Amino acid sequence: MSVILYVAVIAVGAWLLYFKRASSPPKLDLPYLEFEGDNSASRYKTESESILRRGYGKRGTYYGIDLGTFYLIEPLQRACAAAYAKEMPPCSEWTSVLPYPLLIKIFASMSACAIVGPKLDGLDSEWQRLSMDYVSAALSAPSKVRAKYPRWLYWLSQYINDGVKTMWKHRSRARELLTPVLQSRIDATAELKAKGVKKHKGARKYEDGVQWLLDAHTAQGKVLTPDQLAQDLLVIMTASIHSTSGACLANIFDMLEHPEALSDVTQEILLVQSKLPGGVWTRKALGDLRLLDSFMRESARVHALTQYTSAQRIPTSTWKFKDGLEIPSGFTMAFPSYHHGFDPAIHPHPDTFDAYRHLRKRQESDTHKFHFASVSEDMLNWGTGRHACPGRFFAQETLKLLIIHLLTHYEFRYAEGTEEMPRFLPSNLFIVPNPALPLLFKECKVSL
Ligand code: HEM
């Protein structure tokens, strides 16, 4: 009996090994860039930027990086199109603050306001806590599942992996919270229809993500269920919260590093603010902040909106580019957006932080190409094509509102003793502003 058990254990072990092997991808017939000397997996976690930099200099070649199935296509980079701020500490003395957790809360609230509307929105509301917890689980669970289980066992993770279980639990609670919200949108839409009001901007009672998703589903002849709504909204929250918070913290660090530009940015804000009808910021007024816009785009260029690469795609069947390059199904391809931002052929003097760079380009070209949220050949950080970030305009406006509030209500500086702390931290293919770096804030109303 014990022999049978022994053989069975070995057979199951061999079977598991076989499937793990079978599910890891083969290498492509391409030059792979590696670290010289020690090429262990741990170096890819913290030093992948140096490999990407080396690769960026190799014009005209494709190359692979062995991160499982990761793959960069260098030559294409040129051709491709390419009021919650009240949470800030109310202090008149210098107070030490870790900005990142605060920014997460602020942007979660701003997103909730636009996405689920006034009923569920609000600082410290259940929706806000739920969406933040969901996002943390959604960002960490997939890599844990990939590291722990072979591909063919992924489906089991919803029962045995804590992160995935948390996501399902929150999705189910989100469904309960959203059910009456969705019903109110359905009723309001039916009421408009009964009155014979034609659908046009301003006719709708609600203008938020729930209404837009309902309209989009209805237009396609589909029924929007509370569960589908919960899933769609939580995906949007996942795409929005950390990306915007990271971009904001990068801007704050850049403001501290470039006080000369900051004083011009503040003057511009105060000037536009002094002409606001009723003192209310409108989208048009935000659009008049052209120097701030250029500053934010320069920050995005230099820190790549936290990602070394962008526009990742995984073809589901072999994808063939016009020049013959073939990417097999299942491989990840991406563009080297960070190094594109430092290419002197695209951005003269790329190592200089020039807050006016994109403003000058706008003035010279008289196009809409060089706004913070523009997807253009000189900046690949928003991705490309029909999947380019659809939330970038929203990110642009929320970032501007937060920066306006910050610059007109606070002074801020680095805390003593933090000189040696890194401002940005590499992590795999991300480069994130250091969330553990404390800053000092002091309340201080700024006026013209
Ligand atoms: C500074 C903040 C943000 C950054 C840096 C950012 C960046 C990106 C990038 C690089 C992509 C992939 C584009 C591609 O593959 O071509 C993307 C996709 C996406 N983003 Fe953003 N994003 C930000 C804010 C937001 C916000 C605020 C929202 C929603 C309110 C949002 C919603 C989305 C969605 C839904 C997608 C998927 C689009 C698709 O696959 O078709 N993002 N984002």
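Analyst: A residue counts as exposed over 50% relative accessible area, as buried under 20%, and as partly exposed in between. The model discussed here is predicted.

User: Is Lys-284 buried or exposed?

Analyst: The cut-off for exposed is over 50%. Lys-284 has 61% relative accessibility, so it counts as exposed.

User: Which residue forms a salt bridge with Lys-284?

Analyst: The closest N and O atoms of this pair are 3.1 Å apart. That falls within the 4 Å limit for a salt bridge. The partner has 37% relative accessibility and therefore counts as partly exposed. It is Asp-288.

User: How many helices are in the protein chain?

Analyst: The chain has 448 residues, and buried ones make up 48% of them. Alongside 11 strands, the helices number 15.

User: What share of the exposed area of the protein chain do carbon and sulfur atoms supply?

Analyst: The chain exposes about 23,400 Å². Of this area, carbon and sulfur atoms supply 60%.

User: Which four residues touch the most other members of the largest nonpolar core?

Analyst: Nonpolar side chains tend to be buried together in soluble globular proteins. Here the largest nonpolar core holds 96 residues. Helix α9, residues 226–257, gives the largest share of this core, with 14 residues. The four that touch the most other members are Trp-127, Leu-178, Leu-233 and Trp-281.

User: How many residues are in the other core that lies apart?

Analyst: Among its members are Phe-321, Leu-325, Ile-327 and Met-333. The size of this separate core is 5 residues.

User: Which residues is Leu-178 in contact with, leaving aside neighbours within four places in sequence?

Analyst: Contact means heavy atoms within 4.5 Å. With the sequence neighbours left out, Leu-178 contacts Val-116, Leu-120, Trp-127, Leu-229, Ala-230 and Leu-233.

User: Which residue gives the single protein donor to the iron atom of the ligand?

Analyst: The donor is an SG atom, 2.3 Å away from the iron. Its residue is found in the loop between α14 (357–365) and α15 (392–409). That residue is Cys-389.

User: How far apart in sequence are the parts tied together by Glu-397 and Arg-283?

Analyst: The two side chains meet in a salt bridge, 2.8 Å from N to O. Glu-397 counts as buried because its relative accessibility is 12%, whereas Arg-283, at 56%, counts as exposed. Glu-397 lies in helix α15 and Arg-283 in helix α11, so the parts they tie together are apart by 114 residues.

User: Which residue meets Lys-361 in a salt bridge?

Analyst: Lys-361 is in helix α14, and its partner is in the loop between α14 and α15, 17 residues apart. Lys-361 is buried because its relative accessible area is 18%. Their side chains meet at 2.8 Å, N to O, and the partner is Asp-378.

User: How many salt bridges does a search of the whole structure find?

Analyst: Some salt bridges share partners, and these join Glu-126, Arg-173 and Glu-176 into one network. In the whole structure, the number of salt bridges found is 18.

User: What accessible area do Trp-155, Tyr-159 and Ile-160 have together?

Analyst: These residues form a nonpolar patch on the surface. Tyr-159 sits in helix α6, residues 157–160. At 53% relative accessibility Tyr-159 passes the cut-off, so it counts as exposed. Together the patch has an accessible area of about 380 Å².

Technical notes: Residues are numbered from 1 along each chain as its sequence is written. This is a predicted model: local features need pLDDT of at least 70, side-chain atom pairs count only at pLDDT 80 or more; totals for chains, interfaces and linings use all residues. Side-chain values use heavy atoms; hydrogens and water are left out. Patches are made of residues with over 30% relative accessible area and no salt bridge: like charges are joined within 9 Å, nonpolar side chains (Val, Leu, Ile, Met, Phe, Trp, Tyr) within 5 Å. Accessible areas come from the Shrake-Rupley method with a 1.4 Å probe; for residues, only the protein chains shown count as cover. Helices (H or I, at least four residues) and strands (E, at least two) are DSSP runs, numbered from the N terminus. Buried means under 20% relative accessible area, exposed over 50%, partly exposed in between (1.4 Å probe, protein chains only). A nonpolar core is a set of buried Ala, Val, Leu, Ile, Met, Phe, Trp, Tyr and Cys residues joined through side-chain atoms within 4.5 Å. Donors are N, O and S atoms within 2.8 Å of the metal (3.2 Å for Na, K and Ca); water is not among the atoms, so sites may look incomplete.
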